[in-house]
Amino acid sequence: MHLPSSRPLRIQVINPNTSLAMTQTIGQAAVQVAAPGTEILAVCPTQGVPSIEGHFDEAVAAIGVLEQVKQGRAAGVDGHIIACFGDPGLLAARELASAPVIGIAEAAMHMATLVATRFSIVTTLPRTLIIARHLLQQYGFEHQCAALHAINLPVLALEDGSGLAQQKVREKCLQAKQQDGSGAIVLGCGGMADLARQLTQELGIPVIDGVSAAVKMVESLVALGLATSKHGDLAFPVDKPLSGMFSMFSQ
């Protein structure tokens, strides 16, 4: 059991890519839904990939996620959020952490099943659709997902100021509502975190951002006195000598 302390709750929100603009967008979305007194620490790695759009990107980004989790654990944060829809390094991060670790894809999918029997996913590039399908299978939500849609624009288009990516997200969400028979829509990118509330109002159905969902999940777990189990496969990593750049993870 992880009993909450009397100090304010602190949640580390990790953007696994190196984009400071996207980190700011993600952090603001987290702050908007956080309970009074909850402190949001939005961070990103200083080295890695500027956006995550494939298996290679995820593998690189996972190292940065683990580095941030290690720093957050040393700082005594009460929970960690991995704010990329691929949930890169999620299980490894749970091994490294004692506090709860939530991935935004997992959080959004869970929330969607609480408010609708079927949901659709709207994400960025078509090549990332298979990653989302793998996560649906892994998390057990394959049969609840009616369809997946891609706006066919890169992740960083959400930060270019043109508004084109945001408009395409709206169009795909409307298409999902009209054609899929879904009761809810999951936004499949951390950079879409600031769109959910407005789209929920415009479409008249729940549009779920995983960053916001993950914040409320961490708050709930801490309030319940629950943390990552250290019994079994999520126990702390086996203590062994690590070399080169990985020596930073030595216990």
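This is a short talk on the overall build of one protein model and on a handful of its residues.

Hi everyone, thanks for coming. One thing before we start: what we have here is a predicted model, and the values I quote are computed from it.

Let's begin with the whole chain. The protein has 8 helices and 8 strands. Its C-alpha atoms fill a box of roughly 55 × 40 × 35 Å along the principal axes. How does the radius of gyration fit with a compact globule? For 251 residues, such a globule would come out near 18 Å, and the protein has 17 Å, so the two agree. Of those 251 residues, 52% count as buried. The exposed surface comes to about 11,300 Å², with carbon and sulfur atoms supplying 55% of it. And if you take contacts between residues at least 6 apart in sequence, 71% of them join residues at least 24 apart.

Now to the inside, and to two polar side chains. Please find H80 on your screens, in strand β3, residues 79–82. Is H80 buried or exposed? It is buried, because its relative accessibility is 1%, under the 20% cut-off. Its side chain makes a polar contact of 2.7 Å with the side chain of Q12. Leaving aside neighbours within four places in sequence, H80 also touches a list of residues including V69, R73, P100, I102 and V218.

The second one is S120, in strand β5, which spans residues 119–123. S120 is buried too, with a relative accessible area of 0%. What does the side chain of S120 pair with? Its partner is the side chain of D180, in a polar contact of 2.7 Å. Again setting aside neighbours within four places, the contacts of S120 include A146, H149, D180, S182 and V186.

On to the salt bridges. How many does a search of the whole structure find? The count is 3, and I'd like to walk you through them one at a time.

Start with R94 and E106, where the closest N and O atoms are 2.8 Å apart. R94 sits in helix α3 and E106 in helix α4, residues 104–115, so this pair ties together parts that are 12 residues apart in sequence. Both R94 and E106 are buried.

Next comes the bridge between E202 and R170, at 3.6 Å from N to O. This one links distant parts of the chain: E202 belongs to helix α7, residues 196–203, and R170 to helix α6, with their positions 32 residues apart in sequence. Here the partners are partly exposed, E202 with a relative accessible area of 43% and R170 with 26%.

Then there is E219 with K216, the closest N and O atoms being 2.7 Å apart. The two are 3 residues apart in helix α8, which means they are separated by about one helical turn. E219 is buried, at 10% relative accessible area, while K216 is partly exposed, at 31%.

Now a word on the backbone. As a reminder, most residues other than glycine have a negative phi. Which residues go the other way? D87 has a positive phi of about 50° although it is not a glycine, and N152 has one of about 60°, again without being a glycine. D87 is placed in the loop between β3 and α3, and N152 in the loop between β6 and α6. Their surroundings differ: D87 is buried, with a relative accessible area of 5%, whereas N152 counts as exposed, at 52%.

Let's finish on the surface. T46 is in the loop between β2 and α2, and T46 counts as exposed because its relative accessibility is 79%. From T46 to K230 there are 184 residues in sequence and 29 Å in space, C-alpha to C-alpha.

Last stop: which residues form a nonpolar patch on the surface? They are L242, M245 and F246, with about 270 Å² of accessible area together. M245 is in the segment after α8, and with 52% relative accessibility M245 counts as exposed.

So, to recap with the structure in front of you: look for H80 paired with Q12, S120 paired with D180, and the patch of L242, M245 and F246 on the surface. Thanks for listening!

Conventions: Residues are numbered from 1 along each chain as its sequence is written. This is a predicted model: local features need pLDDT of at least 70, side-chain atom pairs count only at pLDDT 80 or more; totals for chains, interfaces and linings use all residues. Side-chain values use heavy atoms; hydrogens and water are left out. Patches are made of residues with over 30% relative accessible area and no salt bridge: like charges are joined within 9 Å, nonpolar side chains (Val, Leu, Ile, Met, Phe, Trp, Tyr) within 5 Å. Accessible areas come from the Shrake-Rupley method with a 1.4 Å probe; for residues, only the protein chains shown count as cover. A salt bridge is a side-chain nitrogen of Lys or Arg within 4 Å of a carboxyl oxygen of Asp or Glu. Helices (H or I, at least four residues) and strands (E, at least two) are DSSP runs, numbered from the N terminus. Buried means under 20% relative accessible area, exposed over 50%, partly exposed in between (1.4 Å probe, protein chains only). The radius of gyration is taken over C-alpha atoms; the globule rule is 2.2 Å times the number of residues to the power 0.38. Contact means heavy atoms within 4.5 Å. A polar contact is a pair of N or O atoms within 3.5 Å; within protein, one must be able to donate a hydrogen and the other to accept it, and residues adjacent in sequence count only if both atoms are side-chain atoms.
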